[in-house]
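Grab your viewer and work through the exercises below, one at a time. Try each task before you read its solution.

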Amino acid sequence: MMSSAGGQLSFAGFSAYSATKFALEGYAEALADEVAPFGIRVLVVEPGAFRTGLFGPGAAYFSTETPAYAETAGATRRMVENSDGTQPGDPAKAAAAIRAALEADRTPLRLPLGGAAVDAVLGYLDEIRADVIDWEKSPGRTLSIDSGSRADRHRRHSDTGPRPDAAIANSLVSRAPACPGLIGTSNIPVMKMGEGVEWSLHCCVTLAWTEEQWPVSIARLAAWFDLPVEYLKKRLQALVRAGILTSAPGVRGGFGLARPPEKITLLEVVTAIEGGTDPFRCTEIRQRGHSGRTATTDFTHPCGIAMAMRRAELAWRRELAAQTIADLAAAAPAGSAERTRREIANART
């Protein structure tokens, strides 16, 4: 279903437009629950500004301008009038991202497209969270008016199992391995990566080059990279659990890629090895000390430092999600693939 970033948030001048998109998103979210038992997946595409005919001559209807709204809806009117053909989004790339999401093992419910859309949706969700927390923390303004504790309510909801949507977080690029640029930070690995990531990526490239020799034994891989067998085995087993590699048992067993190399992103490998620790966690230290006691009105919006870190984190995540094992293999020096296949084959005979 074609929605818009305006299906998640809205602003002056787009009330009627966003009303239709909000309705579509509510419909899609319920529909996803209804058809999931039949193996049917629902995808809601939320593009930002793309170079389409939306703002072309005669495409948009303009009502009579009212001076009272010149600074609100009027600003949006001028943006629409002057932005045709200058939007940053590439429709061809959007189509490729949509197809990748549909072909992924786990299709997200929502797919925001374009860096501006991703940042806008994330910022909006942060603002909602900050508003709710700010109100709930205030004396006499609790939102917990239901029977039972919050923990009890959370437990009851958790017992029903996870929702079928992967939500925006693991929007992006954006969470789904084949969806570059998607959103989500709860599963983003730390930016300071250990050697295990590097060795794992090298192994994936090597296994991409030796697919016809599957399986490649752990002993041969460890010798190839001059690594202890147990050290490498631990990393490769993590990749097996993540669905990146497959393994065969026994004396003639070993490892191979579980999917084509063009279907395995660098972000998947990093996440499998490093885990899901957030690289930056805002603890609202701005609310401590003298500042926290005297400037409470400054804390109604998300911390600027946290938002800056989030944007950097998302850019890093998008870059890793946009590159695959096939890309690494193609960028290797000429002759590397053939030499690797020949030497590993000779070692196995």
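**Exercise 1. A charged pair**

Which residue does the side chain of R259 meet in a salt bridge?

Solution. Keep in mind that you're looking at a predicted model. Start at R259 and look for a carboxyl partner: E268 is there, with N to O at 2.8 Å. Next, check the cover. R259 is buried, and E268 is buried too. Then place E268 in its helix: along with L266, L267, V269 and V270, E268 is one of the buried residues of α9.

**Exercise 2. Following the charges**

Find the salt bridges made by R110, and work out which parts of the chain they tie together.

Solution.
- Step one: get the total. The structure holds eight salt bridges.
- Step two: take E25 and R110, whose closest N and O atoms are 2.8 Å apart. E25 sits in helix α1 (residues 15–35) and R110 in strand β2 (residues 110–113), so this bridge ties together parts 85 residues apart in sequence.
- Step three: R110 also meets E46 in a salt bridge, at 3.6 Å from N to O. Since E46 belongs to strand β1 (residues 44–47) and R110 to strand β2, the pair ties together parts that are 64 residues apart in sequence.
- Step four: check burial. E25 and R110 are both buried, and E46 is buried as well.
- Step five: put the pieces together. E25, E29, E46 and R110 are linked in a network of salt bridges.

As a reminder of the chemistry, side chains of opposite charge can pair when their charged atoms come close.

**Exercise 3. Taking the core apart**

Which residues have the most contacts inside the largest nonpolar core?

Solution. The core has 33 residues, and the ones with the most contacts inside it are C204, L232, L236, L245, V269 and I325. Now ask who contributes. At least two residues each come from α6 (195–209), α7 (218–225), α8 (229–241), β4 (254–257), α9 (266–274), α11 (304–321), α12 (325–331) and α13 (336–348). The largest share, eight residues, is supplied by α6.

Zoom in on C204. Leaving out residues up to four places away in sequence, C204 touches L239, I244, L245, L257, V269 and I325. There's a second, separate core too: nine residues, including A94, A97, I98 and A101. For background, nonpolar side chains tend to be buried together in soluble globular proteins.

**Exercise 4. Two helices and what follows them**

List the buried residues of α7 and α9, then look at the residue after each helix.

Solution. Take α7 to begin with: I218, R220, L221, A222 and F225 are buried there. After α7 comes D226, with a positive phi near 55°. Now α9, whose buried residues pack against α6, α8, α11 and α12. The residue following α9 is G275, again with a positive phi, near 90°.

**Exercise 5. Buried or exposed?**

Sort F14, Y17, Q213 and I128 by burial, and describe the surroundings of each.

Solution. The cut-off you need is this: buried means under 20% relative accessible area, exposed means over 50%, and partly exposed is in between.
- F14 has 13% relative accessibility, so F14 counts as buried.
- Y17 comes to 29%, so Y17 is partly exposed. F14 and Y17 form an edge-to-face aromatic pair, 5.5 Å centre to centre with 75° between the planes.
- Q213 has a relative accessible area of 16%, so Q213 is buried. Q213 is in the loop between α6 and α7. Try its C-alpha distance to I344: Q213 and I344 are 8.6 Å apart in space, although 131 residues separate them in sequence.
- I128 reaches 37%, so I128 is partly exposed. Helix α4 (residues 115–137) is where I128 is found. Together with L125 and V132, I128 forms a nonpolar surface patch of about 210 Å² of accessible area.

**Exercise 6. The whole chain**

How many helices and strands are there in the protein?

Solution. Count 13 helices and four strands. Then turn to burial: of the 349 residues, 38% count as buried. Finish with the surface. The accessible surface comes to about 19,800 Å², and 57% of that belongs to carbon and sulfur atoms.

Notes: Residues numbered from 1 in each chain as written. Predicted model: local features only at pLDDT ≥ 70, side-chain atom pairs only at ≥ 80, totals over all residues. Heavy atoms only, no water. Patch = residues over 30% accessible without salt bridge, like charges linked within 9 Å, V, L, I, M, F, W, Y side chains within 5 Å. Areas by Shrake-Rupley, 256 points an atom, 1.4 Å probe, with all protein chains shown as cover. Salt bridge = Lys/Arg side-chain N within 4 Å of Asp/Glu carboxyl O. Buried < 20%, exposed > 50% of the residue type's maximum accessible area, 1.4 Å probe, protein only. Core = buried A, V, L, I, M, F, W, Y, C linked by side-chain atoms within 4.5 Å. Contact = heavy atoms within 4.5 Å. Phe/Tyr/Trp six-rings, centres within 6.5 Å; stacked < 30°, edge-to-face > 60°.
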